[in-house]
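Trainee: Please choose one part of this model for a close look. I should like a connected account that also sets that part among other points of the chain.

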Amino acid sequence: MLQQRTLKSITRAVGVGLHSGQRVELTLRPAAPDTGIVFRRVDLPQPVDIPVRFDSVCDTRMASTISPGGDPGAPKVQTIEHLMSACSGLGLDNLYVDITADEVPILDGSSASFVFLLQSAGIELQNAPKRFIKVKKTVEVREGEGARLMWARLEPHHGYKLSFQIDFNHPAVDATGQETTFDMGSGRYKQEIARARTFGFTKDVEAMRARGLTLGGSMDNAIVIDDYRVLNSEGLRYDDEFAKHKILDAIGDLYVAGRPLLAAYTSYKGGHALNNRLLRTLLADASAWELVTFEDESLAPTGFAELAPAW
Ligand SMILES: [Zn+2]
């Protein structure tokens with residue numbers, strides 16, 4: 001049987017929030033089968049639990065933000081997508097995330113530090129079948145027209161693969177690989193995706209700071225690009241680091257479904273908002289998906305049954 005997974009032990013991290021600039025502590029703890037991933041705001045007078053679900057997402061403008069039931073007035077946690085991506089990449093089903101502020105720390109701007117933390121704590125197999133959301137029908141969402149067109153799609157696929165195309169019309173970005181694909185069954189999430197950092201343009205920074213955003217951003221946690229080039233002295237970590245980060249984000253955004261997907265995902269210029277709309281569109285149509293388990297591991301997609309790297 002393909003089993004659910006949690007952590008073997010407790011692990012902690014300290015960092016700053018990308019948008020809030022606030023210091024924040026994270027404590028990642030094992031959770032029982034079928035708990036899912038639950039954030040707990042432990043800084044409030046009464047701790048508030050925020051289970052990660054597709055409908056707990058309440059804001060997708062700069063990052064994926066969740067609150068209980070998606071209520072915009074309730075306590076929230078923002079920028080969950082990189083941690084969620086790491087959990088998906090390691091196949092973690094059940095986890096408590098105690099957090100002392102309203103934003104997950106940005107760390108180095110990728111999910112590599114989260115992967116390291118989770119792997120250091122160890123992964124434990126649990127005595128419950130892992131449930132997947134198997135996509136049975138193609139679902140697509142679109143936004144904008146002409147040069148502003150963006151779309152995202154899920155199609156039936158025995159496995160989980162993602163493909164992303166960006167088009168920034170910027171010399172530093174266009175010189176890199178703008179289209180990239182990744183197959184989760186390869187077990188190479190940590191090597192191929194996790195190190196891709198978030199990125200930002202200097203021309204946007206002032207406007208965002210004036211709105212109280214990216215207060216914690218720096219070249220230590222993002223690729224920073226001016227009108228012509230990448231300013232980080234160490235350059236890029238992958239030739240196609242921008243497109244890879246979009247895949248890293250998509251993996252995190254889609255993992256708020258609460259279960260891993262069996263699907264092929266493709267997006268052209270999409271982002272957090274479109275990814276969440278795609279998930280809501282899928283889950284709203286009961287004929288477009290079903291929950292499946294693999295009692296016989298040999299029937300699972302290639303690479304899914306291995307313990308170490310993925311799933
Ligand atoms: Zn990101």
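Mentor: Let us begin at the start of the chain, where methionine 1 lies in the segment before strand S1 (3–7); strands are DSSP runs of E with at least two residues, and helices are runs of H or I with at least four, numbered from the N terminus. The model is a predicted one, in which local features need pLDDT of at least 70 and side-chain atom pairs count only at pLDDT 80 or more, whereas totals for chains, interfaces and linings use all residues. Residues are numbered from 1 along each chain as its sequence is written, and side-chain values use heavy atoms, with hydrogens and water left out.

Methionine 1 has a relative accessibility of 30% and counts as partly exposed; buried means under 20% relative accessible area and exposed over 50%, with partly exposed in between (1.4 Å probe, protein chains only). From methionine 1 to glycine 200 the C-alpha distance is 43 Å, across 199 residues of sequence.

The part for the close look is the zinc site. Its protein donors are His82 (NE2), His245 (NE2), Asp249 (OD) and Asp249 (OD), at 2.1 to 2.7 Å from the ion; a donor is an N, O or S atom within 2.8 Å of the metal (3.2 Å for Na, K and Ca), and with water not among the atoms a site may look incomplete. Along the chain, the donors follow the spacing H-x162-H-x3-D. Histidine 245 and aspartate 249 both belong to helix H6 (residues 241–254), and being four residues apart there, they are separated by about one helical turn. Both of these residues are also buried.

What makes the arrangement around the zinc ion irregular? The four donor atoms subtend angles of 53 to 148°, and this makes the arrangement irregular. Four donors count as tetrahedral if all angles lie between 85 and 135 degrees; four are square planar, and six octahedral, if opposite donors are over 155 degrees apart and all others between 65 and 115; anything else is irregular.

Another helix shows how burial can follow one side. In helix H2 (residues 112–121), the buried residues include Phe114, Val115, Leu117, Leu118 and Ala121. These residues span an arc of only 165° around the axis, which places them on the same side of H2; the arc is that of the directions from the helix axis to the C-beta atoms. After H2 comes glycine 122, with a positive phi near 90°.

Positive phi also occurs in residues other than glycine. Asparagine 169 has a phi of about 50° and sits in the loop between strand S13 (160–165) and helix H3 (171–174). With 68% relative accessibility, asparagine 169 is exposed. Lysine 269, with phi near 60°, lies in the loop between strand S17 (261–268) and helix H7, and at 19% relative accessibility lysine 269 is buried.

The loop that leads from strand S16 (223–225) to H6 holds tyrosine 228, which is exposed at 61% relative accessibility. Tyrosine 228 is 55 residues from valine 173 in sequence, with 9.1 Å between their C-alpha atoms. Lysine 76, in the loop between strand S7 (65–66) and helix H1, is partly exposed at 32%.
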